[in-house]
Amino acid sequence: MKARISLVVLSLVLSLLIGLTLHRGAGGGKAAGEGPRRPLIGLSMDTLEVERWLHDRDLFVARAKELGADVLVVSANGNDTRQIRDCEALISNKIDALVIIPHDGAAMAKGVALAHEAGIPVLAYDRLILNCDLDLYLTFDNVRVGELQAGYLVDKLKGRKARIVRLMGSKTDNNAFLFKQGQDNILNPAIAAGDIEIVHEDWCDGWRPENAKKAVNAAITKAGRNIDAVLCSSDILSGGAIQVLLEEGLAGKVLVTGQDADLTSCQRIVEGTQAMTIYKPIKNLAHAAAELAVRLARRQVVVAKEELANGRINVPSIYLPVHVVDKDTMESTVIADGFHKREAIYQH
Ligand code: GAL
């Protein structure tokens, strides 16, 4: 009991120091000796400044609580040094399993190594961690995301020699390469057939909208205003791209893709300034991750059907399906799933 109380006190002290938040499940605080110890899970997040990740946190914590676990959440706001420190703090709080959403998939190998030194298993959430002995990777089918984005454009632009600008994500995020790989699977044959031309493309450091704006401005300077589509890997980037298109009087005339079904993107889709987004049912990911993290925390067996090479090992991996959302499918996807309310999307 004493150990448990001092753990809670330590948690509180650390939470004041580094912004670490303890989310306690029902029956929390039960003394040791009154039953099996409640699993304590650490969730180290890249950022909470982007809409999507707030959903992930809330759903993960809620499901873990339902399963009788406590969760310590901490966010690094895109800073690698801080994310390593966050992992150290979680480890010293005696977590039973660590879940990481890495800002930089290479840098966070250190976080995995530190957890393993303390005997704590690690699950990478949504983004892969490279060159380490990662225990488990749970994500969406990221290559499919890219295929669906590019496939949407190829389909809509059929019959003309389409000029496309492509905005890829952050090079520190392995997902950005998987989205590109999926896009290339579809674009390369269309480029070879002369149906598509990529007039400009660039990576957007940190997935930041201002970098998307810069890239679209550069594209217009280089290739002119005669653009049919901007292939954006995510909704944060489509937000930046559409700002430039609005300034240029091109919004609504140029097809823009996205990913994440952010509320503002769904609003833009029904208004007509964005063509599509990819809806990734975050509830499925967050709930599955919470269930797996609790299993890891209890040292129970976890089964993964896929494997993904991370430079060191083939990481046992699980991929969840994704869905295209445009004007026509908004109702049957995002709204039907309760991800956003109809009134919020249509703003009336
Ligand atoms: C990716 C993630 C996307 C998007 C992006 C920017 O790793 O898979 O859903 O949110 O980061 O945050």
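**Exercise 1.** Find which residues surround the ligand, and sort them by class.

*Solution.* Begin with the shell, counting a residue if one of its heavy atoms lies within 4 Å of the ligand: Arg52, Trp53, Asp126, Arg127, Asp173, Asn175, Phe179, Trp207, Ile236, Gln259, Asp260 and Lys280 surround the ligand. This is a predicted model, in which local features need pLDDT of at least 70 and side-chain atom pairs pLDDT 80 or more, while totals for chains, interfaces and linings use all residues. Residues are numbered from 1 along each chain as its sequence is written, and side-chain values use heavy atoms, with hydrogens and water left out. Next, sort the shell: four of its residues are nonpolar, two are polar and six are charged.

**Exercise 2.** Identify polar side-chain atoms that approach oxygen atoms of the ligand, and state how much of the ligand is covered.

*Solution.* Take the distances in turn: a polar side-chain atom of Asp126 is 2.7 Å from a ligand oxygen, and for Asn175 the corresponding distance is 3.0 Å. In Asp260, a side-chain N or O atom lies 2.6 Å from an oxygen atom of the ligand. Then consider the cover: of the 300 Å² of accessible area (Shrake-Rupley method, 1.4 Å probe) that the ligand has on its own, the protein covers 99%.

**Exercise 3.** Explain why the ligand is said to lie between two domains.

*Solution.* Domain 1 (2-134 + 282-317) and domain 2 (142-280 + 324-346), whose bounds come from an automatic or database assignment, both contribute residues to the shell, and therefore the ligand lies between them.

Methods: A polar contact is a pair of N or O atoms within 3.5 Å; within protein, one must be able to donate a hydrogen and the other to accept it, and residues adjacent in sequence count only if both atoms are side-chain atoms. Ala, Val, Leu, Ile, Met, Phe, Trp, Tyr, Cys and Pro count as nonpolar, Asp, Glu, Lys and Arg as charged, and the others, Gly among them, as polar.
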